[in-house]
Amino acid sequence: MTLPFRNPSRALLLTITVAAASGLVQGSATAASGPFLAHQALYDLSLVKSRGTNSVSDARGRILYNFSGNSCEGYTSEFRQVSELDSGEGKVTLSDLRSSSWEDAAGKSYRFKIDTRMNDSESSPVDGVAERVGDHITVKLTQPVKKTFNLDGSVVFPTEQIQHIIAAARDGKSVLEQTVYDGSDNGEKVYNTLTVIGRPITGDRAPSSPDPSTASDAMKSMTRWPVTVSYFDRDARAKDGEQTPVYSMAFELYENGVSRALVLDYNDFVISGALDKFDVRDSKPCK
C-alpha cells in the first residue's frame, strides 16, 4: 500500500478486502463468531467530497468481490477493481487491479497475488506467501523481487483482522488495536490499525439507506455494527506527538462477515462504496 493519491487502486484494494473479505474463523473464536457467508458483492464507487491541496474533482469505479471456502479447506477471495480518478485539467488516472488470496482457517498461512495496471503502464505484480512459524511470521516474496523476511508473530492477516473485530464487537468492546499485514505496496508494508466499534444494530432495525444486502433473506435477521478502522504507517514518525492515519474506512459489518455502506477517507478525498449487487454462494460443509 502506498499513499492513495499516488496509487488509489491499491489503497482501495486493502480497504475493500478488509471490509468485505470476511471468511476466516480462527481458533477459539469459531464459536463466538459463527459461520461466515460465501458470497459475491458488487460495489459502486463515487466521490463524496474533496479537500486539501491534492483535490479530486471526480471519482468513479466498480469492485467485484468473491469469497468462498470453509474452515477445513481455508478461505479464498478474488477481487477486481476498475476505477478512475479525475484531478481536473485533463488529469485522469485509470486503474485496473486484480487480487486473489487464500488463508487457512488457523491463521497460519496466507497466500496472495496482487496485479495493478495504471493508465498505460506495465503490470505491477506482487506475489508471495506468509507462514506463521513459532513466535514469528516468515514472508517469502517471488515478485516484485525474490525476498524473505520475518514479521512479529502478533501481526494478523486481513481476514484474521475481521474475525477479531467481530469477536470484539460481540464482547461489547468499543476499541481494538491490531497490526496488519496483507502483502500490499511492494509486499513489505505493515500497518498499525485502530478500530472503533459502535453499538450493535439488530436485524429488525430498518436501514436508512437499503441495499441488496438488507433485502437478502440470508441477512435480514443478522446483527451488524458500525465500524471505523484507521490505518497508520508503522514506520512513519508521529508529528507533534500524534500520527495521522494514511486512510480510514467506515462501514457496517454483519456478524457473518458481510459489509455494507462503505465510506473510504483518504484525507484529500472521500469515496463511498455502495453495495449494488449481492448474491449468496453455495458453501461446502467440512467433511
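This passage describes the fold, the nonpolar core, the aromatic pairs and some local backbone features of a predicted model.

Residues are numbered from 1 along each chain as its sequence is written, and side-chain values use heavy atoms, with hydrogens and water left out. As the model is predicted, local features are reported at a pLDDT of at least 70 and side-chain atom pairs at a pLDDT of 80 or more, whereas totals for chains, interfaces and linings use all residues.

The protein chain contains 4 helices and 14 strands, where helices (H or I, at least four residues) and strands (E, at least two) are DSSP runs numbered from the N terminus. Of its 287 residues, 51% count as buried; here buried means under 20% relative accessible area, exposed means over 50%, and partly exposed lies in between, with a 1.4 Å probe and protein chains only. The accessible surface of the protein chain comes to about 13,500 Å², and 48% of that surface belongs to carbon and sulfur atoms, the areas being obtained by the Shrake-Rupley method with a 1.4 Å probe and, for residues, with only the protein chains shown counting as cover. Among contacts (heavy atoms within 4.5 Å) with a separation of 6 or more, 57% are between residues 24 or more positions apart.

In soluble globular proteins, nonpolar side chains tend to be buried together. In this model the largest nonpolar core has 56 residues, and those touching the most other members are Val-139, Leu-151, Ile-165, Tyr-181 and Ile-271; such a core is a set of buried Ala, Val, Leu, Ile, Met, Phe, Trp, Tyr and Cys residues joined through side-chain atoms within 4.5 Å. When residues up to four places away in sequence are not counted, Val-139 touches Val-129, Ala-130, Lys-147, Thr-148, Phe-149, Leu-151, Tyr-181 and Gly-187.

A search of the whole structure finds 8 aromatic pairs, for which rings of Phe, Tyr and Trp (its six-membered ring) must have centres within 6.5 Å, with planes under 30 degrees apart counted as stacked, over 60 as edge-to-face and the rest as tilted. The pair of Tyr-110 and Phe-157 is stacked, because the ring centres are 5.1 Å apart and the planes stand at 25°. This pair links distant parts of the chain, since Tyr-110 belongs to strand S5 (residues 109-118) and Phe-157, 47 residues apart from it, to the loop between strand S8 (147-152) and helix H3 (158-170). Both rings belong to buried residues, Tyr-110 having a relative accessible area of 4% and Phe-157 one of 0%. A second pair, formed by Tyr-191 and Tyr-231, is edge-to-face, with 6.1 Å from centre to centre and 75° between the planes. Tyr-191 lies in strand S10 (residues 190-197) and Tyr-231 in strand S11 (residues 224-233), so this pair ties together parts that are 40 residues apart in sequence. Tyr-191 is buried at a relative accessible area of 2%, and Tyr-231 is likewise buried, at 0%. Tyr-191 and Tyr-231 also belong to one aromatic cluster together with Tyr-247, Tyr-266 and Phe-269.

The surroundings of Phe-157 include a charged group, as the charged end of Arg-132 sits over its ring, 5.2 Å from the centre; this assignment requires NZ of Lys or CZ of Arg within 6 Å of the ring centre and within 35 degrees of the ring normal. Phe-157 is also in contact with Ser-109, whose other contacts, leaving aside neighbours within four places in sequence, are Trp-102, Glu-103, Asp-104, Val-129, Ala-130 and Glu-131. Ser-109 is placed in strand S5 and is buried, with 8% relative accessibility.

Strands S7 and S8 pair in the antiparallel sense over 6 bridges, pairing being assigned if DSSP finds at least two bridges between two strands. Thr-138 has Asn-150 in S8 as its bridge partner, and a hairpin joins S7 to S8 through 3 residues. The loop between these strands holds Pro-144, and the peptide bond from Gln-143 to Pro-144 is cis, with omega near 5°. Val-145 lies in the loop between strand S7 (136-143) and S8 and is partly exposed at 46% relative accessibility; its C-alpha atom is separated by 8.8 Å from that of Asn-186, 41 residues apart along the chain.

Positive phi values are found at two residues that are not glycine, Asp-185 at about 60° and Ala-261 at about 55°. Asp-185 is in the loop between strand S9 (175-181) and S10 and is buried, at 18%, whereas Ala-261 is in strand S13 (residues 259-265) and is partly exposed, at 32%.
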